[in-house]
Amino acid sequence: MNDIFSALESEVRSYSRTWPTTFDRAQGSYLYSEDGKPYLDFFAGAGALNYGHNNPALKRKLLEYIERDGVTHGLDQATVAKREFLETLDEKLLKPRGLDYKVQFPGPTGTNSVESALKLARKITGRESIISFTNAFHGMTLGSLSVTGNSMKRGGAGIPLVHATPMPYDNYFDGQFPDFLYFERLLADSGSGLNEPAAVIVETLQGEGGINSSRPEWLRGLRELCDKHGMLLIVDDVQMGCGRTGPFFSFEQAGITPDIVCLSKSIGGYGSPLAITLIKSELDVWEPGEHNGTFRGNNPAFVTASEALRLYWSDDELEKGTLAKGERVGKVLSDIEDKYEGAVSKGRGLARGLGFEDVEVAGKISKAAFERQLILETAGPKDEVVKIMPPLTLSDEELDQGLHIITESVQSVLG
Ligand code: PMP
């Protein structure tokens, strides 16, 4: 069925491109194949579709905007759509949380936000090195890739890790060593060459890395460590932001305030490219033109982004719903963990995972689920984790249906 893609598209295709089906339409929590078969989507564009496919309210706004010939391409022009987005973000999101950030439009996708954050941290501090973490994923451009802890993603291209030092993520040593011991020792060792890094970049919950959740106290420790050593704290919330873990920002649960925050994926609301970098106001030392790019002012995405912020973040309903649904997923995953040796329930909110010792199992479960019309992807350095990330807007019935298929699929693979 996908022969034409094999013939015409590069072999580099991955993620969701191994499904033996060609999709045509999508609505809410479903993708439809070209012959009209519905597939329940528990992948949600790797977190780009938190409000579902073709969300009707966002679609209406987008259609109105297109109908009235609203500006589409705007670079950095002042536009009404951009003004509304900036005001809505400030009013619905930042002010209620006591956050004082300026907004940078770094380019269309998540990796652009990470690049701008790394550049800015180096500019602010006048220092060079960046601390990142084992199993981290930050994007595909060279700077982001240098702080990504997955060698496969370097594509055999040998991207040099100049000035990027990976540190153990939370639980890497299963509690055998005090948090940050390695970190502190390296920083104190003048021979390590790691004196005075510019910044630490962290995901509070690693998505691509295999749904690895860090503890709030570990994140607070990291914040303290940054303050102690004059390093900036960059939270990459590209995948786990926009409500994926419950609250809008994934770092809210830990009660920390990063210096810089990277957002993309669901910030545009409608699945179209938009990225922003939030910078503590006093740290916005950019001069005009120091970080530019053609596709930064995605005005149609500003329109859907503003509407998503208004509809879903004006009260805490979506947050509560996400936490409640996440609990239900967690319960089913714990049952599976209890029943099958080597299975581990992972994650929080609606960023959940099921890890397996046998690295073949996750792929088989994902395949079995697809045969039952449920889309599940895998994550982790060896693709050993089944990733469960439905749209946050899915109904309780859809959630139950998906969980039922997950249980059935696990049974079909493990007996
Ligand atoms: N950071 C994180 C945490 C991500 O999960 C991703 C994408 N999976 C990126 C950055 C890169 O985003 P993009 O693919 O939009 O460049």
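**Exercise 1. The ligand shell**

Which helix gives the most to the shell around the ligand? Describe that shell as well.

*Solution.* Keep in mind that you are working with a predicted model. Start with the shell itself: 15 residues surround the ligand, and the closest are T109, G110, T111, G139 and Q239. Next, turn to the helices. Helix 5 (residues 110–125) gives the most, with 3 residues. Finally, sort the shell by class: 4 residues are nonpolar, 8 are polar and 3 are charged.

**Exercise 2. The faces of helix 8**

Check the span of helix 8 (residues 216–229), then work out where its buried residues point.

*Solution.* Begin with the span. Helix 8 has 14 residues, and at 1.5 Å a residue they should span 20 Å; the end C-alpha atoms are 20 Å apart, so expectation and model agree.

Now list the buried residues of helix 8: L219, L222, R223 and C226. Looking down the helix axis, you will find these buried residues within an arc of 100 degrees, so they line one face of helix 8. Strand 7 (199–202) and strand 10 (232–236) are among the elements that cover them. Then turn to the other side of helix 8, where E217 and K228 are exposed. As a last step, walk off the end of the helix: G230 follows helix 8 and has a positive phi, near 65 degrees.

**Exercise 3. Two domains in contact**

Which parts of the chain make up domain 1 and domain 2, and what does domain 1 bring to their contact?

*Solution.* First, the division: domain 1 takes in 3–55 + 316–414, while domain 2 covers 70–312. Their C-alpha centres lie 25 Å apart. In the contact between them, 29 residues come from domain 1 and 24 residues from domain 2.

Next, look at the side of domain 1 that touches domain 2. Helix 2 (44–47), helix 10 (317–339), strand 13 (343–348), strand 14 (351–356) and strand 17 (385–388) each supply at least two residues of this side. Helix 10 has the largest share of this side, 5 residues. By class, this side of domain 1 has 12 nonpolar, 11 polar and 6 charged residues.

Helix 10 deserves another step. Its 23 residues should span 33 Å at 1.5 Å a residue, and its end C-alpha atoms are 33 Å apart, which agrees. The buried residues in helix 10 are L318, T322, K325, G326, V329, V332 and L333. Their cover includes helix 9, strand 13, strand 14, strand 17 and helix 12 (396–414).

**Exercise 4. The surroundings of A308**

Is A308 buried or exposed? Find what it touches.

*Solution.* Locate A308 in helix 9 (residues 299–312). Then count: 26 other C-beta atoms lie within 10 Å, and 20 or more makes a residue buried, so A308 is buried. Leaving out residues up to four places away in sequence, A308 touches Y51, L58 and G269. One further distance to try: the C-alpha atoms of A308 and C242 are separated by 9.9 Å, and the two residues are 66 residues apart along the chain.

**Exercise 5. Positive phi outside glycine**

Where do Q373 and D383 lie, and what is the phi of Q373 and of D383?

*Solution.* Recall the background: most residues other than glycine have a negative phi. Q373 lies in the loop between helix 11 (361–371) and strand 15 (374–375), and its phi is positive, near 65 degrees. D383 sits in the loop between strand 16 (377–379) and strand 17, with a positive phi of about 55 degrees. To finish, check the exposure. Q373 is partly exposed, with 16 other C-beta atoms within 10 Å. D383 is partly exposed, with 17 other C-beta atoms within 10 Å.

Conventions:
Residues are numbered from 1 along each chain as its sequence is written. This is a predicted model: local features need pLDDT of at least 70, side-chain atom pairs count only at pLDDT 80 or more; totals for chains, interfaces and linings use all residues. A residue is near a molecule or strand if its C-beta atom, placed from the backbone, lies within 6 Å of it. Helices (H or I, at least four residues) and strands (E, at least two) are DSSP runs, numbered from the N terminus. Ala, Val, Leu, Ile, Met, Phe, Trp, Tyr, Cys and Pro count as nonpolar, Asp, Glu, Lys and Arg as charged, and the others, Gly among them, as polar. The expected span of a helix is 1.5 Å times one less than its number of residues. A residue is buried if 20 or more other C-beta atoms lie within 10 Å of its own, exposed if 12 or fewer, and partly exposed in between; C-beta atoms are placed from the backbone. The arc is that of the directions from the helix axis to the C-beta atoms. Two residues are in contact if their C-beta atoms, placed from the backbone, lie within 7 Å. Domain bounds come from an automatic or database domain assignment.
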